[in-house]
Amino acid sequence: MRDSFLTKNTTQDAMSSERRAKNAFNISVATAIIFSLIVLTIIISNFINQTSLDETTTITTVGLGAVMSIASAILSRRSKSDVGIILVISTLMLIVIGRVFIQKGFAIPSGLLHVLLVSSIAITTLPQKWVGRVISISFIIAISTIIIDQFTVGVPSSSDPALANSISLIIGFIYIIILGSQYSGLPLRTKLIIGFLLLTIMPLAILGWQTSTTSREILQQQIKAGLTEESFSVGRSLKTYIDAQFDIMRTEAALPDIAEYMAQVRRQNVDSEVKDRAYKILTTLGQKNPDYIRSYVLINMDGVSVLDTNSINTGFNYANEEFYQQIIAQEKSYLSEVIFPSETPGSPVIYFAVPVFSKAGTMTGVMLATYNANVLQSILRDAAEDKSTASEYTFLVDDTYFINLGHSSRPEMLFKSSLEMDTFTLSTLQMQGVMNNGSFDSLVLPQPELTSELKRMGAIAYFKAPVQEYNGEIAEIAAIRIPDTHWILVVAQLSSGIETLTQNQTRTIVISSVIISLISAVIAIIASNIFTSPIIQLTRAAETIASGDFTKKTNIKQKDEIGILARTFNNMADQIQESIENLERRVDQRTNELQQANKLSEKRAQELQTIAEISRYISTEKDLANLLPLITRIVSERFGFYHAGIFLLDENRKFAVLRAANSPGGQEMLEIHHRLEVGHTGIVGNVTASGTPRVALDTDADSVYFSNKYLPDTRSEMALPLIARGTIIGALDVQSTMSNAFTDADVAVLSLLADQIAIAIDNVRLLEETKNALTESQSIFRGYLAEAWQKKTSDSVIGYHQSISGGSPITDPKFEPVQNTEAQEQATIAIPIRVRDQVIGVMNIRANTEGKTWEKDDIGVMEAVAERIGLALDNARLFEETSSRASRERLVSDITTKIRGTNDPQEMIKTAMEELQRVLGATRVEIVPQKISPPPDK
């Protein structure tokens, strides 16, 4: 037997070796093809783009891997697959190590891909004793290359990292599939090692992804917040300066000498002494900041400069200037755009202008301060002194032509436009004084991406755009509009500064993750060895028990979950046999229970179907005399009851009277008008009083049961209340010849039937009551209508006669209407005049020719006319009655109003008598007072 076992193991080892050799050949060929495709992809990419050194080196290293894979395939065919696979794995390790010194920033995807490749190849091609060692070495190499990559200096980065990452992802996915297909056949110890190593690799993968995404996003958010805050800070400084200048100028414009002088200018009566004082004040104001203030000017209401610190400009007419027109129209302060005066080329200015008011509050002119536009550059330069990074800068542009009005780090950019334009447009703007004089190249630096974003921005914007003053480098940009101006303040951060911060943070994260991964890897290997031994023992024990040997026991003394599992196995071996025996008995028991449940379910289904059919039958019957016997007969037939009866309460609700029954005894009880007192006699009396179902499972033992001589065979009885609209109207009584014939389920099912019966009875009663009420209403209405028209026929005119010769009213009550004869060929016809099926008159029609035959259409026309006449006459009657009633009410109201016109009782009586005499046409009206005796004492 031992020899047989050894022979079996030897055969299995041989089969495993053959399978590994086949896997080695297939994987070598697949790896060679993949590497060749990578080389071909890089060559095609370099053919489209210009080839660089790092790409040439990549082709060389990947090509070396393809050559080694081909060599491994050849060795596998020559029964040297282990040597070939070791050659491929060694080549992969050298490629990963060498790549760190060829390309920077590619260590993480290379390291992960290396671990996947080596693990897949080793698991499917090498003996089990080598797999763990090879995977551990590949893991150590991957960690080392990742650490080295963070500190290498002078190594070029990949020119197309997206392509390299995509290739790594595709290859990794392929080998993950290969690894997954072989994972189930690996020993438990190898699975644990791989699982723990994957858990350590995952943090590296996540951190690598976070390095390029999360860290960058966090930094971008921080930079965005910083740039936005900086833009608001500089914008507030600029706005504060502008507001301060306006506040100062408004104060200056309100100086008494200035106000008095401008008032005299308005009246064209200027005192030379006042003018001298005003000029002296202007001169003083113009010298308070000589670096930026060019001049102070006072302009009258006609737009003419009446006083100017630059005397040669006195008398200049500003009437057509925008600032003057805006101030005259709105009487508000005004800040102009940057202006390039033609008389002083290269010296752009800004106008600060405020209205001048007299003491009476009347506008008398305008104060204009001309500032050197370089003041904006000064403000931005001061704001840039506290910058935290050298790559951050600020500049100010107008929102029309995007001319740089200030730049914190590039003064040479001042007064250059970022808008795309041609030389003709530039010349036009120079002639308009919008741009400075100079050549096209010195004044225009097009930045279409920047200006496009600024054109469509609102009050604030954040975006990325290349900036030409920094050789087209991408910058993060925050921009805000300065309130009450046409200026946009832009704060930018160059991407080079952001990249430096990102790399520093990436290095810290990667090193931390590598240290954690190394510690996790060591723990993984140790833990796998600790966990493997007892699990393997448990596995063997489970296999033995699964084969049917329940005497097998494990000898694991641990107190953790594995020890609990071992004891569970031991207990399981003792209990399984007993469980198998009990299982058969329980199956038989469950089968019987299911059969009983199925029978019960079928019975309930049939009962519910029967109730539905009964409800359908009783819903079609509208006569109570037929409905109640129908119900008792169907209930007895469908449910197999000995007796079924329906009791209804009498008018006084004192007795439940039997109204229908199916049994012979029930028929006898109907003949004697059998009834039971509510609340006193029998189960039915109890139910009609309480409204609760009552069951007597044994009539001999039930104290409430009423022994009925007409039903001697009853052994069980059930009574169910009939409740309609919340009121008890009777009871359904069913009786059986068997004891314990009713269950709770029967009560529930038959209660549904009782509800349906109660509704049907109530509906029939309501229908009968409705019919009676309708008949009574119609009778009353016909009487009223006959009485009304009887009064009308008592009038002097009772009809109207019309002939060819003319017409006349009918006053003779003995007038006999023409009667219809049976033959329609007669020349005379009588059509009744009806109002709501009540005949109120007749229309007699006689033809003017002998032998006239009335056609159906003629008769139809006459009947339609008679119908319209009836409606018109009845409407006229109703109108006449309504008018008469309204006239009486109006007379009563008038008399009452006149009586209430005085508070004197004598006057009230007199007024009442006079009005009654007038209205009634009476000759005498008396009001006789009556003495009322006091009531007797009680």
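Is phenylalanine 402 buried or exposed? In this predicted model, phenylalanine 402 has a relative accessible area of 1%, and because the limit for a buried residue is under 20%, it counts as buried. The residue sits in the loop that links strand 6 (392–398) and strand 7 (404–407). Its backbone also deserves a look: phi is near 50°, a positive value in a residue other than glycine. Histidine 673 offers a useful companion case, with a phi near 55°, again positive in a residue that is not glycine. This histidine belongs to the loop between helix 19 (664–671) and strand 13 (675–677). Here the relative accessibility is 62%, so histidine 673 counts as exposed.

With those two loops in mind, the whole chain can be introduced. The protein contains 23 helices and 20 strands. Of its 938 residues, 39% are buried. Among contacts with a separation of 6 or more, 59% are made by residues 24 or more positions apart. The exposed surface comes to about 53,500 Å², and carbon and sulfur atoms supply 56% of that area.

The sheets make a friendly starting point for the architecture. One open sheet has five strands in the order 2-1-5-4-3, paired in the antiparallel sense. Its edges are strand 2 (305–308) and strand 3 (334–335), each of which pairs on one side only. Three bridges hold the antiparallel pairing of strand 1 (residues 293–299) with strand 2, and within this region isoleucine 299 stands opposite serine 305 of strand 2. Helix 11 (residues 322–330) packs on this sheet, where it touches strand 1, strand 3, strand 4 (349–357) and strand 5, and its direction makes about 145° with that of strand 5. Helix 10 (residues 272–286) lies across strand 1, strand 2 and strand 5 (363–372), running at about 150° to strand 1.

The loop of phenylalanine 402 leads to another sheet. Five strands form this open, antiparallel sheet in the order 7-6-10-9-8. Strand 7 and strand 8 (460–467) are the edge strands, pairing on one side only. On average, neighbouring strands of this sheet are turned by 25° against each other, direction ignored. Strand 9 (residues 473–481) and strand 10 (residues 487–494) run antiparallel and are joined by seven bridges; isoleucine 477 stands opposite alanine 492 in strand 10. Two helices pack on the sheet. Helix 12 (residues 374–383) touches strand 6, strand 7 and strand 10, with a direction at about 30° to that of strand 7. Helix 15 (residues 448–455) touches strand 6, strand 8, strand 9 and strand 10, and its direction makes about 170° with that of strand 8.

Further along the chain, strand 16 (residues 727–736) stands out for its burial. Nine of its 10 residues are buried, so this strand is largely enclosed by the rest of the structure. Strand 16 runs antiparallel to strand 11 (residues 643–649), with six bridges between them, and antiparallel to strand 15 (residues 716–724), with nine bridges. Leucine 732 in strand 16 illustrates both pairings: isoleucine 646 stands opposite this leucine, and so does leucine 720. Strand 15 and strand 16 form a hairpin with two residues between them, and arginine 725 in the turn has a positive phi of about 55°.

What does valine 747 touch, not counting residues up to four places away in sequence? The list is Pro693, Val695, Met718 and Leu720. Valine 747 is part of helix 21 (residues 744–793) and, with a relative accessibility of 16%, counts as buried. Its C-alpha lies 8.1 Å from that of methionine 718, although 29 residues separate the two in sequence.

Helix 22 (residues 856–899) has 44 residues and reaches 64 Å from its first C-alpha to its last, close to the 64 Å expected at 1.5 Å a residue. Buried residues in helix 22 include Ile859, Met862, Asp874 and Arg877.

Finally, the nonpolar interior can be considered. In soluble globular proteins, nonpolar side chains tend to be buried together. The largest nonpolar core in this model has 71 residues, and those with the most contacts inside it are Met367, Leu454 and Trp487. Another core, of 33 residues, lies apart from it and includes Leu628, Ile646, Leu750 and Ala760.

Conventions
Residues are numbered from 1 along each chain as its sequence is written. This is a predicted model: local features need pLDDT of at least 70, side-chain atom pairs count only at pLDDT 80 or more; totals for chains, interfaces and linings use all residues. Side-chain values use heavy atoms; hydrogens and water are left out. Two strands pair if DSSP finds at least two bridges between them. Helices (H or I, at least four residues) and strands (E, at least two) are DSSP runs, numbered from the N terminus. Contact means heavy atoms within 4.5 Å. Axes are lines fitted to C-alpha atoms, for helices over the stretch in contact, and angles run from 0 to 180 degrees between N-to-C directions. The expected span of a helix is 1.5 Å times one less than its number of residues. Buried means under 20% relative accessible area, exposed over 50%, partly exposed in between (1.4 Å probe, protein chains only). Accessible areas come from the Shrake-Rupley method with a 1.4 Å probe; for residues, only the protein chains shown count as cover. A nonpolar core is a set of buried Ala, Val, Leu, Ile, Met, Phe, Trp, Tyr and Cys residues joined through side-chain atoms within 4.5 Å.
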